[in-house]
Amino acid sequence: MKKSHKKCWIILVVILLVILLLFLGGSWFIGRQIVMASTNLVTNEQTMAVIKEAWALENFDEATFRQTYSIETGATKSSMEDEHSVPFDLITAEGNENWVVMAHGMMGSRWTNYPTAIFFLENGYNVLTYDQRSSGENMAKVSTFGVWEKFDLIDCITYVKNRYPEAKLVVWGESFGGATALLALAHEDVQENVDALVLDCPVSSMAYMVQMSMEEMEIPLPMSYLLTCGDCATRAELGFGYDDADCAKAAEQITVPTLVFRTLADEVTPSFMGQEIYDHLASEQKILYTAEDCEHVKIRVYEPEAYAAQLREILP
C-alpha cells in the first residue's frame, strides 16, 4: 500500500513538473514573440517610402526649402556597441548661431523633420536632424522605445557641442522621438550640454505602447501575463526592461526648461501621456500646451502661430 502511495506521488510530481515546464516554455515563446513584434515596428524601406506623403500633408515645398537654407549631409559614429553610423543633415540659415537637434517619431526620418525645422530656422536656430534606428539611412536594427536610441541622440548632441561649443542647444523630440529625448537627457550628465527641451506629443511608457499593440491583436490571454512575458523576454534578450523606458520616471531628472505639446484628440499617444510627463518634470521652467482637436503631432500644422509662440517662449 505504501509503495502504491509513493508511486502516485511520483507520478503527480512528474505531471506537475511537465506542466511547469510547458508553462515556462510557452511563456518564453510568447515573450519572444512580443519582443520581436515590439522591437521591429518599422523598417528603413517603410520610412523612406512615406517622406513625400509626409511633406504633402504639411504643404511642404522642398525646392523652396533648399533654396532658402543650406543643407550639409554628414554622419557620426554611434557609441553603441554595434558601431553603426548615425546619418544627419545640418540645416543652416545666415545669421543663426544656436542649434536644435531633432529626433523624429516612428515611421519618420531626418527628412520628415524638415517642415518643423522651419519654425526653428526662422527663430535664430540652425538644425541637426538625424535618422533614428531602423529609419531613413540609419541601418541599426531593433527599435527600443528610446532605450538604445538615446545613445544616437547623445552622439548628435556631442557632435554639435564639439563643433559649436559656444552655441546654445535645444533638443526637440516628436512622439517616439520624445521618449528618446527624455531618456537621453536623463542619462548621466547630458543635460549639461542642453539649454532647453521640446516634446511634441511624447510617448511616456513603453509598457503602455506594447499593451496597446497587443490589445489590437486581441490575444485571448490576461494582459498582465502578456506584459510580464514580454518584459522578462526583453530583459533576457536585450538587457533592459519596460521600466527602463519609463519616460515619466525619466522626466523626474529633467531640470532644463521644457515645453510639452499634447492634444486631446490624440489617438496615438493619448493626452494623459503629455500631462504625466509634464507633472513629473523637475524643471523650474516648464510649459504644457494643450490643443483640443488636432491629430497626433499635427498641432504645428493646424495651429502654427500658437506652436511658434510656444517655441519662442521656451527657446533660450
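**View 1. Ser 175 sits buried in a loop of the predicted model**. Its relative accessible area is 8%. That value falls under the 20% cut-off, so Ser 175 counts as buried. The loop runs between strand E5 and helix H7 (176-185). Leaving aside neighbours within four places in sequence, Ser 175 is in contact with Gly 105, Asp 200, Cys 201, Pro 202, Val 203, Thr 269, His 296 and Val 297. Ile 91 is a reference point elsewhere: Ser 175 and Ile 91 are 84 residues apart in sequence. In space, their C-alpha atoms are 22 Å apart.

**View 2. Glu 174 and Arg 300 form a buried salt bridge**. The closest N and O atoms are 2.8 Å apart. Glu 174 lies in strand E5 and Arg 300 in helix H12 (residues 299-302), so the pair ties together parts 126 residues apart in sequence. Both residues are buried. Salt bridges with shared partners join Glu 58, Glu 174, Asp 200 and Arg 300 into one network. Asp 200 is also one of the contacts of Ser 175.

**View 3. Eight strands make an open, mixed sheet**. The strand order is E1-E2-E4-E3-E5-E6-E7-E8. Strand E1 (70-77) and strand E8 (286-291) stand at the edges. Each has a single partner strand, so one side of each is left without a neighbour in the sheet. Neighbouring strands are turned by 20° against each other on average, direction ignored.

**View 4. Strands E7 and E8 pair in the parallel sense**. Strand E7 covers residues 258-263. Six bridges connect E7 with E8. Across this pairing, Phe 261 stands opposite Tyr 289 in E8.

**View 5. Helices H5 and H13 lie across strands of the sheet**. Helix H5 (residues 114-121) lies across E1, strand E2 (85-92), strand E3 (98-103), strand E4 (125-130) and strand E5 (169-174). H5 runs at about 155° to E4. Helix H13 (residues 304-314) lies across E5, strand E6 (196-200), E7 and E8. The angle of H13 to E7 is about 160°. Strand E5 is crossed by H5 and by H13.

**View 6. Arg 110 and Glu 137 link two loops by a salt bridge**. Their closest N and O atoms are 3.1 Å apart. Arg 110 lies in the loop between E3 and H5, and Glu 137 in the loop between E4 and helix H6 (149-163), so the pair ties together parts 27 residues apart in sequence. How exposed are the two partners? Arg 110 is buried, with a relative accessible area of 3%. Glu 137 is partly exposed at 40% relative accessibility.

**View 7. Arg 32 and Glu 237 join helices H1 and H9**. How many salt bridges does a search of the whole structure find? The search finds 11. In this one, the closest N and O atoms are 2.9 Å apart. Arg 32 is in helix H1 and Glu 237 in helix H9 (residues 223-238), 205 residues apart. Arg 32 is partly exposed, at 30% relative accessibility. Glu 237 is partly exposed as well, at 36%.

**View 8. Ile 15, Leu 16 and Ile 19 make a nonpolar surface patch**. The patch measures about 280 Å². Ile 19 belongs to helix H1 (residues 2-38). Its relative accessibility is 48%, so Ile 19 counts as partly exposed.

How values were computed. Residues numbered from 1 in each chain as written. Predicted model: local features only at pLDDT ≥ 70, side-chain atom pairs only at ≥ 80, totals over all residues. Heavy atoms only, no water. Pairing = 2+ DSSP bridges. Helix = DSSP H or I, 4+ residues; strand = E, 2+ residues; numbered from the N terminus. Axes fitted to C-alpha atoms, helices over the stretch in contact; angles between N-to-C directions. Contact = heavy atoms within 4.5 Å. Buried < 20%, exposed > 50% of the residue type's maximum accessible area, 1.4 Å probe, protein only. Patch = residues over 30% accessible without salt bridge, like charges linked within 9 Å, V, L, I, M, F, W, Y side chains within 5 Å. Areas by Shrake-Rupley, 256 points an atom, 1.4 Å probe, with all protein chains shown as cover. Salt bridge = Lys/Arg side-chain N within 4 Å of Asp/Glu carboxyl O.
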